[in-house]
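Colleague: Got a minute to walk me through this one? I'd like to start with the contacts and then wander.

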Amino acid sequence: KDKHKEKEHKHKDHKKDKEREKIKHSNSPTRQFSVVSLNFRFLISLQICRLTVRPRERSPVAIKSEPEDDNGFYPSPKHNKATKRERDDDEEFEYKPKKVKVEHDKKAKKRKHEYEDDEEDEHKKKTKDKKATEGKKAKKQEEEKWKWWEEERYTDGSKWRFLEHKGPVFAPPYEPLPDKVKFYYDGKPMKLSAPAEEVATFFAKMLDHEYTTKDIFRKNFYKDWRKEMTSEEKSVITDLNKCDFREMSEYFKAQSEARKQMSKEEKQKIKEENERILQEYGFCIMDNHKERIGNFRIEPPGLFRGRGDHPKMGMLKRRIRPEDIIINCSKDSKQPKPPPGTKWKEVRHDNKVTWLVSWTENIQGSIKYIMLNPSSRIKGEKDWQKYETARRLKKCVDRLRAQYRDDWKSKEMRIRQRAVALYFIDKLALRAGNEKEEGETADTVGCCSLRVEHIKLYPKMDEQEYVVEFDFLGKDSIRYYNKIPVEKRVFKNLQLFLENKQPEDDLFDRLNTSILNKHLQELMDGLTAKVFRTYNASITLQQQLKELTSPEDSIPAKILSYNRANRAVAILCNHQRAPPKTFEKSMQNLQTKIDEKQKQLSAARKQLKAAKADHKASHDEKSKKAVEVKRKAVQRIEEQLMKLQVQATDREENKQIALGTSKLNYLDPRISVAWCKKWDVPIEKIYNKTQREKFAWAIDMAEKDYEF
DNA sequence: CACGCGACTTAGAACTTAGGTC
DNA sequence: GACCTAAGTTCTAAGTCGCGTG
């Protein structure tokens, strides 16, 4: 079946091919952004607009598109690398430890000791002079911020030597409804048994959600609900449509209202209790360092709501009991105790993994874990390593690109498919696309699992030749919609792949992620499909920052540039969000503020003019001062106005783009740190507290000349 | 090689809180 | 001091990818 006809024409320009030409489309193509001052080259060329609609908002309305030229968006791989290199550049994983193990242990012991002290303090102090203790504590913590990145890593595949924790926090037990809150069946009140009632409350709590009206949701819910019913209940309740949960729903609404109305003291009390639980369960000791745990609370029972069109939506997610829990800790640690009268499923001591607690979830049968916070050593090291791998890809990406271009001509079908898929992954930052079990999850795809129905080929479209239109649901059922011109060879290959296939057939029938990743592994150690996403995201940020930052810009303007660079990446990776519910309103509010500010400004200018005239007439000191005062006022207001305008632009551009995901997962933080240092932008403007904790390693080590 | 499983990263939405405004 | 919004935090679903097994 590997028939390959096709005479190749000379391609004129390789460089050009690498250049990204993305056509974005908009559902309301007429909409334009209100563009305010400053350097908008980027925005204008990129034309940030709505990419897709969420599936639930999806309408069969035709999607229009606007062609766009955006030269300079795609990261042209430059090799004008500065001569200076970081200490960790070059070899394999270049983690050069500054300290050796022995020292580490010593320091660690001291650390543990202090940790225990801390705990004791916590309990005794309470009433004592708070300020003094807090001050002391803060200082102490400051002094001993542990720089794990200066230490050696384990090379034997083990993740830790010592691990001690208190186990998970379970969901609070079910509290039956007060008798006055009734459930009605077929118009008649009906008292439910506790288990049936609990599951009913899950449904009641979701009543306002659209998905409780969906057939699949209702069917799944009803089926699982019946399993919790007594036999009498089962015989009475035979039709979900006759069930009236409204009173229950109202009750919960009132409850949450009441919670909001609680007095300060009550709220404070709850806060303190949460803090106590956090202190007790929210930390563990791993290799003698106290580390924050990410999710120490077990997921409470409820109704499963997958994203998109999920076949299992509405199913009962059952309550997790101690008997379901596997504890992982070190042998020589104090083992966590199960709640009185219960037992753990298992306690194991596996230092080849990083999790502390696990259980099997009943919807998909997958395993859930309790792991450490992103600020922990174990997560940080991995994160760092990820960016180092991406940087190694940078060094050989030209070679790889040349190779896959070459493979487009291969006489083997599987190689051509592999090469075209890789091209998409590289150019469009698509995900790998593992195959999924049909009917178990929402129907979403990535690159390798693309089907014929997901692409359309246009030999000619407007001015452009060889345009491919992508339209599919990706991870989280977020729609990916894009039209891009591709090289003739890619286009011809796609035509070939499509031959004699049905819409629901795989586009790449000779390819899957395993084959692809095996191939990538051969090209570069540690290379997998997702490294391309990391690489392209980070290199785009770096390149965009270079392009957008003007030295003479104010700090807010620089931050806008940063956000735009960030946005370019988010668009590349198709990170979208639903426009905030209050978006229009908040935009209006901001506009009102801007209008006011403008009025203020013209008033201030008038006053300045008057003062100047006054000074001209009198030439005395007093009037001179008055002019200065007014001048200052005008300047101040101008700045304020500028800030507001920048804010408005930023917000508008960001309407349905989510920056967080790329910032947290794809952008080498050292690029941002270096940028901040270079332009004297406080790091706090870019990373909030949590993010600074996660990226502490980068903040500590990156200098202003860091190059990704 | 197909398959399922296990571990871990990536993801957007829901919820909560802080800080500004009236 | 109440209220409102934006920012920050939490939640947990949904991916990726490697490994063992048959």
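Modeller: Sure. One term before the contacts: a residue is near a molecule or strand if one of its heavy atoms lies within 4 Å of it. Also keep in mind that this is a predicted model.

Colleague: Fine. Which residues come nearest to DNA strand B?

Modeller: There are 28 residues around DNA strand B, and Lys379, Lys386, Lys475, Thr661 and Tyr666 come nearest.

Colleague: What share of the strand B atoms within 4 Å of the protein is sugar or phosphate?

Modeller: For DNA strand B, 86% of those atoms belong to sugar or phosphate, and the rest belong to bases.

Colleague: Okay, which side chain has a polar atom 2.7 Å from a phosphate oxygen of strand B?

Modeller: That's Arg431. Lys159 also has a polar side-chain atom by a phosphate oxygen of DNA strand B, at 3.0 Å. Lys475 goes to a base instead: an N or O atom in its side chain is 2.7 Å from a base oxygen of DNA strand B.

Colleague: And which elements give two or more residues to the surface near strand B?

Modeller: β14, α10 (377-407), α14 and α18 (660-665). α10 gives the most, with three residues.

Colleague: How does that surface split by class?

Modeller: Near DNA strand B there are eight nonpolar, seven polar and 13 charged residues.

Colleague: Now strand C. How many residues surround it?

Modeller: 30 residues surround DNA strand C, and the closest are Arg307, Lys368, Gly433, Ser586 and Thr690. By class they divide into four nonpolar, 13 polar and 13 charged.

Colleague: What about the sugar or phosphate share for strand C?

Modeller: 89% of the DNA strand C atoms within 4 Å of the protein belong to sugar or phosphate, with the rest in bases.

Colleague: Where does the side chain of Lys368 make its contact?

Modeller: At a phosphate oxygen of DNA strand C, which is 2.3 Å from an N or O atom in the Lys368 side chain. His310 has a polar side-chain atom 3.3 Å from a phosphate oxygen of DNA strand C. Asp476 uses its backbone: an N or O atom there lies 3.1 Å from a phosphate oxygen of DNA strand C.

Colleague: Which helices supply at least two residues near strand C?

Modeller: α14 and α16 (583-618) each do.

Colleague: You've named α14 for both strands. How many residues does it have?

Modeller: Helix α14 covers residues 529-548, so 20 residues, taking the helix as a DSSP run. From first C-alpha to last it reaches 29 Å, close to the 28 Å expected at 1.5 Å a residue.

Colleague: Is α14 mostly covered or mostly open?

Modeller: Mostly covered, with 17 of its 20 residues buried.

Colleague: Back to Tyr666. What does UniProt list there?

Modeller: An unreviewed UniProt entry lists Tyr666 as "active site". In the model, Tyr666 is found in the loop between α18 and α19 (669-679).

Colleague: Buried or exposed?

Modeller: Tyr666 has a relative accessible area of 15%, so it counts as buried, the cut-off being under 20%. That figure is for protein chains only.

Colleague: Any domain in the record?

Modeller: UniProt lists residues 303-680 for "domain: DNA topoisomerase I eukaryotic-type", again from an unreviewed entry. Over that range the chain is 51% helix and 11% strand, and the end C-alpha atoms are 49 Å apart.

Colleague: Let's do strands. What does β14 pair with?

Modeller: Four bridges join β14 (residues 367-370) to β13 (residues 357-360), and the two run antiparallel. Thr360 stands opposite Ile367 in β14. The β13 and β14 hairpin has six residues between the strands, and Gly365 takes a positive phi near 75° there.

Colleague: How many residues sit between β7 and β8?

Modeller: Two, and Asp287 in that turn has a positive phi of about 45°. β7 (residues 283-286) and β8 (residues 289-292) run antiparallel, joined by four bridges. Cys284 has Glu291 in β8 as its bridge partner.

Colleague: Last one: what is the strand order in the three-stranded open sheet?

Modeller: β5-β4-β6, with antiparallel pairing. β5 (188-190) and β6 (243-244) are the edge strands, each pairing on one side only. Two bridges join β4 (residues 183-185) to β6, and Tyr184 has Asp244 in β6 as its bridge partner.

Methods:
Residues numbered from 1 in each chain as written. Chains lettered and ligands numbered in written order. Predicted model: local features only at pLDDT ≥ 70, side-chain atom pairs only at ≥ 80, totals over all residues. Heavy atoms only, no water. Pairing = 2+ DSSP bridges. UniProt positions renumbered as here; feature names shortened; annotations may be inferred. Expected span 1.5 Å × (residues − 1). Buried < 20%, exposed > 50% of the residue type's maximum accessible area, 1.4 Å probe, protein only. Polar contact = N/O pair within 3.5 Å; in protein donor to acceptor, adjacent residues only side chain to side chain. Nonpolar A, V, L, I, M, F, W, Y, C, P; charged D, E, K, R; others polar.
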